[in-house]
Every structure is written in structure tokens, then in C-alpha cells.
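Me: I am new to this structure and would like a close look at one part of it. Could you walk me through the charged side chains and the partners they have?

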Amino acid sequence: MNTSPHTLNTLSAISHATDYDPDSMSVDKARDVIHQCLEPICSVERIRLREALGRVLAENIVSTIAVPGFDNAAMDGYALRFTDVTPHQETRLQRIGASFAGHPFDGEVSAGQCLRIFTGAMMPRGADTVVMQEHTREENGTVILAPNAVTANEQNHRRAGDDIAPGATVFTHGQRLHAQELGMLASLGIAEVVVYRKLRVAFFSTGDELVSSGDHAALAAGQIYDSNRYALYGMLQQLGVEPIDSGIVADQPEALEAALTSAAANADVVITTGGVSVGEADFIKAMLARLGKVLFWKIAMKPGRPLAYGMLGNAHFFGLPGNPVSAMAVFYQIVREALLILQGQAPVTPPPIFHATLTAPIKKAPGRTEFQRGVCEMKEGQNVVTPVTAQGSNILSSMSRANCFIVLPMDSGSQPADAIVEVQPFHGLLME
Ligand code: AMP
Ligand code: MG
């Protein structure tokens with residue numbers, strides 16, 4: 001195992017800083033510390049456009065063409081010369097032909113003339129304006145424009161290069177490719193792109209009580225089904241990484257050490273859930289110290305207190321809490337952003353936050369940032385948010401009933417109904 005000296009030094013420096021308090025690490029401080037240790041992956045691959053959805057661009061895209069490539073009509077109607085229009089009266093023009101999308105008119109519109117034209121069809125030479133067909137009638141080859149049918153020169157005339165000028169930098173490396181970027185790249189005639197390779201993220205659950213759904217028909221006394229690995233798998237998929245499911249690992253030092261060693265050798269990031277709470281931390285601490293450099297924190301957040309972060313060889317390690325809501329909350333609030341950075345995405349912007357009015361009071365003690373689960377909706381033009389009733393860190397159904405986190409700052413206390421609070425929609429937390 002050979003963790004980069006830079007990261008090791010950073011981790012050591014952090015743990016020796018005077019303001020470093022592993023027993024009360026704020027969410028912001030934890031994010032900040034982790035960011036200092038992240039070095040985005042740099043290997044790249046060239047792939048077909050359709051395979052690039054959700055991937056991160058590793059090249060700048062400079063357009064060689066204008067989009068649109070030619071002046072064209074924004075409406076179905078008639079192309080004409082603005083100077084031919086008589087203000088506030090009917091205008092009569094002679095129709096000389098038609099321009100269809102994909103079939104341009106090969107002539108020029110002269111004074112007193114017009115051309116039937118359709119949306120996206122090339123503007124003919126001589127014409128500068130398109131009048132909507134709804135404001136016209138045609139009689140034996142003469143087109144009559146209603147008074148005030150045309151109000152401005154160049155109306156309904158789309159210019160070549162309106163969207164993209166030739167030579168323009170359309171995307172820079174670090175851009176995440178969503179559906180709209182695939183469309184944009186296709187509009188430039190691009191069929192392949194260079195992207196960063198997928199980040200490999202190995203993950204496993206720890207706990208003697210855990211059983212994989214599907215492995216057993218019935219649970220023995222004291223056993224539960226492993227939910228974290230499935231929720232993690234979903235969150236990882238949404239971030240576009242390559243998830244490596246390493247199963248369930250028993251609470252046994254040898255098994256854990258073997259699983260961590262193998263995961264760290266095969267992945268860029270290792271994520272575990274469970275086993276980092278106070279009672280269990282000691283033997284894991286000793287083991288992780290042998291395998292790499294790992295810091296243990298009590299994050300001042302609720303849900304989600306314990307978090308281990310560090311390096312196992314060259315792999316970043318995140319030890320998440322076992323309680324299912326805590327595991328998801330810590331993933332969303334801390335791990336997600338780190339994975340986006342490691343994937344090469346730049347910039348990584350924080351998820352959107354809105355203000356909403358509470359419909360019910362919230363109990364809270366100062367000292368931790370809380371991420372309560374709520375349902376946010378628009379009522380009478382106002383965002384309102386209702387906390388879900390069961391807020392325990394073991395109540396996974398609260399995540400499904402909710403559509404947002406209600407973010408309550410560390411120093412804040414209880415909130416009355418009607419207080420304005422911050423909400424973070426779950427949708428904004430998916431792929432960036
Ligand atoms: P731990 O952090 O290992 O002490 O676990 C805290 C709580 O979370 C315990 O109730 C565990 O049974 C539960 N838990 C741990 N891992 C999982 C998991 N993968 N799926 C569901 N519950 C879990
Ligand atoms: Mg456990």
C-alpha cells in the first residue's frame with residue numbers, strides 16, 4: 001500500500017492542527033478536510049456519445065461550426081423585406097415560391113415580394129423578416145398582411161450562430177454530461193468524446209446481524225436484512241461511478257481486514273457502513289491504523305454522528321454509520337461531493353437550497369446541524385414544508401415519505417410553526 005505522500009502529509013497536518021476536534025467536527029469542517037485530500041482521477045477514455053450520459057468530460061469542446069448553420073425562420077409564415085411593410089395598414093406582397101425545412105429556395109426576394117416559409121427553413125436572400133401565417137391571408141398568389149402583423153425588423157428571423165458561434169468553447173473539461181449536453185454535442189456533429197474513466201467505488205456492510213435480501217427465506221432471531229448496501233448502490237449509480245458490491249462482512253477483525261485490504265486494492269474509494277460507533281471503534285481504529293491513515297470523527301450532525309475518513313493505501317476510505325438514515329444523510333452531505341470531485345467534475349456546486357415555511361414546530365437542541373426529513377410543496381404561492389413524523393435515524397421509511405432535508409444550522413434551537421427554514425430537495429442531490 002502506498003498512499004500518496006501529499007495526502008498522508010495532509011491527513012497528519014489536519015490531525016495535529018490546534019483547532020482539530022475529532023469529537024465535535026462540524027459538517028463544513030469535515031467537508032473541508034476531505035477536500036484537501038482529494039486528487040481527481042486523471043485517466044481518460046474516448047467513448048461514443050450515447051455511452052457518455054452521466055460521465056465527466058476530460059476535454060474542451062470547441063465548435064467548428066455555427067449552430068444554427070444558416071439564417072432561418074422561427075415561424076411558419078412568409079419571409080419578406082421589412083421596408084415593404086406599410087405601417088398600421090394592410091400590406092400586399094407577391095408570393096414567389098416556398099422554402100421548406102431542408103429544401104431552401106434558390107432565389108432572392110425583391111421589393112414587393114414574399115416567400116412562403118416554414119419553421120427552420122433557410123431564409124431566402126433579400127428577406128429579413130418573417131410574418132406569422134396567422135396574420136396573413138392569400139388570394140391568387142397575393143399575400144395580404146393584416147395591419148400591424150409585423151412590428152419589428154428581423155421579427156421571427158433566427159440568425160446563424162445564435163446558439164453557438166464557430167470557434168466558441170462550448171464545454172470545458174470537468175463538465176458533467178447530462179441529456180442536454182448529449183443533444184448539444186450532437187448538434188455540433190460530435191459523435192465521440194473524451195471522458196474521465198469511471199471512479200471505482202467498493203462498498204460493503206458490516207454487522208453479524210445482517211442478511212442479504214434474497215439469501216434466506218426467513219430471518220433468524222436477531223437478524224435483519226441489509227438495507228444500506230442497496231441504498232448505497234442506488235446513490236452510487238446515480239452519481240455515475242462503477243459500484244463494486246463487496247457484500248456483507250462479519251464483525252470479525254480478520255474478515256474485516258481481508259475485506260478492507262481487497263477493496264482498497266481494487267477501488268479508488270472504499271465505503272463501509274456500520275461498526276464505527278463508539279463501542280466498536282477501538283479495534284477498528286487499530287486495524288485501520290495498520291492499513292493506512294484514518295481519522296475518526298464525531299460529526300456534529302444529526303442524523304449521522306460517527307464517520308471515519310482517511311486513506312487505505314491509495315483508496316479513500318469512508319466509514320459511515322450503520323443506521324440507515326444516518327448512512328444516507330452522511331453520504332449525501334459529505335461523501336457525495338467528494339465523489340463528484342474525484343470523478344473530475346469541476347466546478348462542484350452545492351446542491352440548491354430554498355426557503356420554506358414550517359407547517360409544524362420542530363424540536364432541536366443547539367450544537368449539531370440537523371437534516372430532518374420533510375415534505376416540501378407549493379401552497380398558495382409559498383413553499384411550505386412539513387417534517388415527517390418519525391425522525392429516528394433507524395426509520396428508513398422517513399426517507400421515502402420525504403422529498404427534502406430540512407437543514408437546521410448547528411447553532412439553531414427549536415423552531416415554531418411558521419418559521420422560515422432551509423430545505424434541500426432530494427432531487428438536487430442526485431447526479432450533478
Ligand atoms: P452500527 O453502526 O454497526 O453500530 O449499527 C447501528 C445500527 O444500524 C444497528 O441497529 C444496526 O443493526 C443497523 N445497521 C447496521 N448496518 C446496517 C445495514 N447494512 N442495514 C440495515 N441496518 C444496519
Ligand atoms: Mg454493527
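**Charged side chains and their partners**

Reply: Let's start with a pair in which both members, arginine 229 and aspartate 226, are buried. These two form a salt bridge, and their closest N and O atoms are 2.8 Å apart. Please keep in mind that this is a predicted model. In total, the structure holds 19 salt bridges, and a few of them are worth visiting one by one.

Some salt bridges share partners: Glu90, Arg92, Arg137 and Glu139 are joined in this way into one network.

Next, look at glutamate 45 and arginine 55, whose side chains meet in a salt bridge at 2.5 Å, N to O. Glutamate 45 belongs to strand S1 (residues 44–48), while arginine 55 sits in the loop between S1 and strand S2 (61–62), so the salt bridge ties together parts that are 10 residues apart in sequence. The two ends differ in their surroundings: glutamate 45 counts as partly exposed, at 32% relative accessibility, whereas arginine 55 is buried, with a relative accessible area of 9%.

Another salt bridge connects aspartate 19 with lysine 29, with 3.6 Å between the closest N and O atoms. Here, too, distant parts of the chain are linked: aspartate 19 is in the loop between helix H1 (5–16) and helix H2 (27–36), and lysine 29 is in helix H2, 10 residues apart. Aspartate 19 is exposed because its relative accessible area, 52%, is over 50%. Lysine 29, at 26% relative accessibility, counts as partly exposed.

Now for a charged residue without such a partner. Arginine 116, found in strand S6 (residues 113–117), is buried yet has no salt bridge. Which side chain of opposite charge is nearest to arginine 116? That is glutamate 138, 5.1 Å away, and a salt bridge needs the atoms to be within 4 Å. What the side chain of arginine 116 does reach is the backbone oxygen of glycine 77, at 3.1 Å. Leaving aside neighbours within four places in sequence, arginine 116 is in contact with Asp76, Gly77, Tyr78, Arg95, Gly97, Ala98, Ser99 and Gln133.

To place these residues in the whole protein, it helps to know the domains. The protein is divided into domain 1 (5–43 + 197–342), domain 2 (44–67 + 163–196), domain 3 (72–158) and domain 4 (354–429). Between the C-alpha centres of domain 2 and domain 4 there are 38 Å.

Methods:
Residues numbered from 1 in each chain as written. Chains lettered and ligands numbered in written order. Predicted model: local features only at pLDDT ≥ 70, side-chain atom pairs only at ≥ 80, totals over all residues. Heavy atoms only, no water. Helix = DSSP H or I, 4+ residues; strand = E, 2+ residues; numbered from the N terminus. Buried < 20%, exposed > 50% of the residue type's maximum accessible area, 1.4 Å probe, protein only. Lys, Arg positive; Asp, Glu negative; His and termini not counted. Polar contact = N/O pair within 3.5 Å; in protein donor to acceptor, adjacent residues only side chain to side chain. Contact = heavy atoms within 4.5 Å. Domains from an automatic or database assignment.
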